[in-house]
Amino acid sequence: MDWRIPLSDLDYGQEEEAAVHKVLRSGWLTMGEVTQAFEHEFAQYLGAKHAIAVSNGTAALHLACLSLGLGKGDEVILPALTFVATANAILYTGATPVFADIESEEDLTISPDSIEARINDKTRAIMVMHYAGYACDMPRIRELAEKNNLVIIEDAAHAIGAEMDNNKLGLWGDVACFSFFSNKNLITGEGGMVVTDNDEIAEKIRILRSHGMTTVTWDRHKGHAWSYDVVELGYNYRLDEIRSALGRVQLGKLEENNARRRSLTTHYRELFQELVPLVTVPFENHPGISSHHIMPILLPRGSDRNAMMESMKSEGIQTSIHYPPINSFLRYNSYNNSVDLPKTEDIAGREVTLPLFPTLDDSEVEIVVQAVWKSLQSV
Ligand SMILES: *Cc1c(COP(=O)(O)O)cnc(C)c1O
């Protein structure tokens, strides 16, 4: 479908093209100098000790879980309101996902009270997800983790460049995971990054990323190593040089693009307040600085969301849902504790995500809000 206004769009140009051409001419295609430079720049940007590039955000989450030793018999508390990959990564290790509720209809991040209510003898970890780039209540979640001897994984796929208390998201737990998928704030097509300050965890992730081997091809190419040992059951979760080159260019644009997303979000908020006050725009006075990854709104209770989204479609405007709660999926039925997720249930049927990306125009925001207004007249 050729959307008049798509949900998200790339900010790609000559710089990205030039960076890819340079890799093509270099004669080295995977995990070499460019990937090392991307990792170094990413770690510096966040203020983290280690950044390890991987093939996608899901691989990042899987390696994060493995590096912390999660496995059979362990319970991991996570929000039900996140992308399914957050929970899949837990299941890959044999551990059990335990779904927690959100804070409120204003704050769609995981509720510390709900986390606390689910902690028991089997709980090993808390996996938070900074919804739309707005920070979870990390000070309280850290307190809970310390008190109960739990590790924290941040699914920071939405949150590149976001902050809380002058500290970037991704620095608040033991390990953090980023995604560079085609609709994220920093885009390489497929790609991801694991971030940690812990040397041991970082070393483990580096080894697991490449078949459990103690050296990588690049070291052998450079003449630093002749052979290797295999010390873990590893994976091939490597990132290649072309994507790393794209990542470096995109990292350079990130601050400006996040600022543009912020300004568009403010514009949306003002217009909704003025023209469609029945619609709830969450995160109005949220602490910290968001990366404004997506633009979620909540329709009034009782409205027909499908009809609303159909109406938006007829105007050529793409919308989406973030997210159908994971516990509602067939594969996750046996982990279904939805009776305990009243707030998630309340908003899950009302959430609609509107177009938001750095190259969106202010005038297009006005068109979208007008279309929302119109769609709610007819449904
Ligand atoms: C995109 C995303 C992922 C998965 O990242 P991929 O790179 O697509 O594997 C995980 N969690 C959340 C919250 C995401 O938005």
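**Figure 1. Surroundings of glutamine 377 in helix H12 of the predicted model**. In this predicted model, glutamine 377 belongs to helix H12, which comprises residues 362-378. The side chain of glutamine 377 reaches back to the backbone oxygen of tryptophan 373, with a separation of 3.1 Å. Methionine 308 is 69 residues apart from glutamine 377 along the chain, and the C-alpha atoms of these two residues are separated by 9.5 Å.

**Figure 2. Contacts between the ligand and the protein**. The ligand is surrounded by 17 residues, of which Gly57, Thr58, Asp155, Ser179 and Lys184 are the closest. Two of the polar contacts shown involve oxygen atoms of the ligand: a polar side-chain atom of threonine 58 lies 2.5 Å from one such oxygen atom, and a polar side-chain atom of lysine 184 lies 3.2 Å from an oxygen atom of the ligand. A nitrogen atom of the ligand is approached by aspartate 155, a polar side-chain atom of which lies at 2.7 Å. On its own the ligand has 380 Å² of accessible area, and the protein covers 92% of this area.

**Figure 3. The largest pocket, lying between domain 1 and domain 2**. The largest pocket holds about 500 Å³ of space, and among the 29 residues that line this pocket, Phe83, Phe181, Asn183, Lys184 and Tyr323 are the closest to its centre. Because domain 1 (14-101 + 108-250) and domain 2 (254-378) both give residues to the lining, the largest pocket lies between them. Elements that each supply at least two lining residues are helix H3 (57-67) and helix H4 (84-92), together with strand E8 (175-179) and strand E11 (351-354). By residue class, the lining of the largest pocket divides into 13 nonpolar, 13 polar and 3 charged residues.

**Figure 4. The cis peptide bond that leads into tyrosine 323**. The peptide bond from histidine 322 to tyrosine 323 adopts the cis form, with an omega near 5°. Tyrosine 323 is located in the loop between helix H10 (305-314) and helix H11 (342-348), and this tyrosine is also one of the lining residues closest to the centre of the largest pocket.

**Figure 5. Backbone geometry at histidine 211**. Histidine 211, although not a glycine, has a positive phi of about 65°. This histidine is placed in the loop between helix H7, which spans residues 199-209, and helix H8, which spans residues 217-221.

Definitions and conventions:
Residues numbered from 1 in each chain as written. Predicted model: local features only at pLDDT ≥ 70, side-chain atom pairs only at ≥ 80, totals over all residues. Heavy atoms only, no water. 1 Å grid on protein atoms, 1.4 Å probe; cavity = no way out; pocket = protein on both sides within 12 Å on 5 of 7 lines; lining within 4 Å. Points joined across faces, edges and corners; volume = space filled by probe spheres on them. Helix = DSSP H or I, 4+ residues; strand = E, 2+ residues; numbered from the N terminus. Nonpolar A, V, L, I, M, F, W, Y, C, P; charged D, E, K, R; others polar. Domains from an automatic or database assignment. Near = heavy atom within 4 Å. Polar contact = N/O pair within 3.5 Å; in protein donor to acceptor, adjacent residues only side chain to side chain. Areas by Shrake-Rupley, 256 points an atom, 1.4 Å probe, with all protein chains shown as cover.
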